[in-house]
Amino acid sequence: MRKKLRVAAYAVCVRDGRVLLARSPAPDGTPEWVLPGGGMEHGEDPLDTVVRELDEETGYRVEVTGLLGVDSSRRVLRREGLRGPRDHHGLRIVYEGRIVGGELRYEVNGSTDLAAWHDLDAVADLTRVRLVDVALTLWRERPVDGRVSLPPQV
């Protein structure tokens, strides 16, 4: 089985009781809300990654104000054809960020198609990836070890 490690950096940006999220298609095409951020390029510092990705996905310039924690996930992705299944390990570095400039806009020809502010109280009703819940829990609880344990999504 092929193994794949993906390291990515994301930012929790909360302003006036609202959190900044981006929308991306799930593997089945269903739109789901994600935390702004994404994969590190080879040789890139994770802090530089989150600043770059936030600009690409939302149009905002962000100042990183803290490291909230790290989330690790592992799953086997089934693939049809010659490539077979893949053991995927995702390591997600979650920062806290403050918007310092730019204007909200949507990413063009990227992994997301929309960026928007959402009331924190309304996030539970959104179709979203698990990382949104993990990141908001890190933001609210600020555990000293930078980890949270949430039940798996169904």
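Helices and strands here are DSSP runs, numbered from the N terminus. The model shown is predicted.

**View 1. Asp16, in a loop between two strands.** Asp16 is found in the loop that separates strand S2 (14-15) from strand S3 (18-25). Asp16 is not a glycine, yet its phi is positive, at about 55°. Is Asp16 buried or exposed? Its relative accessibility is 71%, so Asp16 counts as exposed.

**View 2. The hairpin of S3 and S4.** S3 and S4 run antiparallel. Four bridges join them. Arg23 stands opposite Trp33 in S4. Five residues lie between the two strands of this hairpin. Gly29 sits in the turn and has a positive phi of about 95°.

**View 3. Ser24, a buried residue of S3.** Ser24 lies in strand S3. Its relative accessible area is 15%. Buried means under 20%, so Ser24 qualifies. Which residues does Ser24 contact, leaving aside its neighbours within four places in sequence? They are Thr30, Pro31, Glu32, Val34, Ser111 and Thr112. With Ser111 there is a polar approach: a polar atom of the Ser24 side chain lies 2.9 Å from the backbone oxygen of Ser111. Asn109 offers another reference point. Ser24 and Asn109 are 85 residues apart in sequence, but 12 Å apart in space, C-alpha to C-alpha.

**View 4. Helix H2 and what covers it.** H2 covers residues 130-141. How far apart are its end C-alpha atoms? They are 17 Å apart. At 1.5 Å a residue, the 12 residues of H2 should span 16 Å, so the two values agree. The buried residues of H2 are Leu131, Val132, Val134, Ala135, Leu136, Thr137, Leu138 and Trp139. Several strands help to cover these buried residues, including strand S1 (2-12), S2, S3, strand S4 (31-34), strand S6 (60-77) and S7.

**View 5. Arg142, just after H2.** Arg142 is in the segment that follows helix H2 (130-141). Just after the helix, Arg142 takes a positive phi of about 45°. Arg142 is not a glycine either. Its relative accessibility is 43%, so Arg142 counts as partly exposed.

**View 6. The largest nonpolar core.** This core has 22 residues. Those with the most contacts inside it are Val12, Leu21, Leu35, Val94 and Leu136. S1, S3, strand S8 (114-119) and H2 each supply at least two residues of the core. Which element gives the largest share? H2 does, with seven residues. Leu136 makes a good place to look. Setting aside its neighbours within four places in sequence, Leu136 is in contact with Val12, Val19, Leu120 and Val123. Apart from this core lies another, of 12 residues. Among them are Leu20, Leu54, Val62 and Ile93.

**View 7. His88, buried in strand S7.** His88 is in strand S7, which covers residues 86-102. Its relative accessible area is 12%. Why does His88 count as buried? Its 12% is under 20%, so His88 counts as buried. Beyond its neighbours within four places in sequence, His88 contacts Lys4, Arg6, Ser73, Arg74, Arg75 and Leu77.

How values were computed. Residues numbered from 1 in each chain as written. Predicted model: local features only at pLDDT ≥ 70, side-chain atom pairs only at ≥ 80, totals over all residues. Heavy atoms only, no water. Buried < 20%, exposed > 50% of the residue type's maximum accessible area, 1.4 Å probe, protein only. Contact = heavy atoms within 4.5 Å. Expected span 1.5 Å × (residues − 1). Core = buried A, V, L, I, M, F, W, Y, C linked by side-chain atoms within 4.5 Å. Polar contact = N/O pair within 3.5 Å; in protein donor to acceptor, adjacent residues only side chain to side chain. Pairing = 2+ DSSP bridges.
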